[in-house]
Amino acid sequence: MIIVEPGNPHHPQATALLQASHALMESLFPPEDNFYLDINDLVADHIRFFVAREGETIFGTGALALKDGYGEVKSMFVSEAARGRGVADALMRQIEDEARANGLPVLKLETGNVLYAAHKLYRRHGFVDCGPFGDYAEANSSVFMEKPLT
């Protein structure tokens, strides 16, 4: 059974997943188009960091950044071994539940233009394309999405 719960990004398994995610992003996109949060930034007061696990093994990470008037999905990553097993869906449900619990009216995200599996996941959860938001500028390798929660 997949358990999604608040986690510590400094847990060795979570850190390994985040480092794998960062390495993938760095291999696919130019440095100026990488917007991932550093591991130390994931412990900030406005960040809710979650892990997905079975038993003691962490297979996925995801975070919600609490912003002024919206929540931003960050640090979504699932190990290759666990893909296709519902881990990302479970993380997305937790992030949405947390956003609703914090009274946020909308979830937003930025993802890479070639991360097709991520696009499919987000669309399945009701996200639609939108323009840049917050501090983001238009970028050729970015896709921006949002989902109203009200």
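Helices (H or I, at least four residues) and strands (E, at least two) are DSSP runs, numbered from the N terminus. The model used here is predicted, so local features need pLDDT of at least 70 and side-chain atom pairs pLDDT 80 or more, while totals for chains, interfaces and linings use all residues. Residues are numbered from 1 along each chain as its sequence is written, and side-chain values use heavy atoms, leaving out hydrogens and water.

**Exercise 1.** Find which element gives the largest share of the lining of the largest pocket.

*Solution.* Start with the term: on a 1 Å grid over the protein atoms alone, a pocket is an open set of points where a 1.4 Å probe fits, with protein on both sides within 12 Å along at least five of seven lines, and lining residues have an atom within 4 Å of a point. Next, take the 39 lining residues, with M76, F77, L115, A118 and Y122 nearest the centre. Two or more residues each come from α1 (12-28), β4 (70-78), α2 (87-101), β5 (106-112) and α3 (116-124). The largest share, 7 residues, belongs to α3.

**Exercise 2.** Work out which parts of the chain the salt bridge of E5 and R53 ties together.

*Solution.* A salt bridge puts a side-chain nitrogen of Lys or Arg within 4 Å of a carboxyl oxygen of Asp or Glu. For E5 and R53, the N to O distance is 2.6 Å. Now place the partners: E5 lies in strand β1 (residues 3-6) and R53 in strand β2 (residues 47-54), so the pair ties together parts 48 residues apart in sequence.
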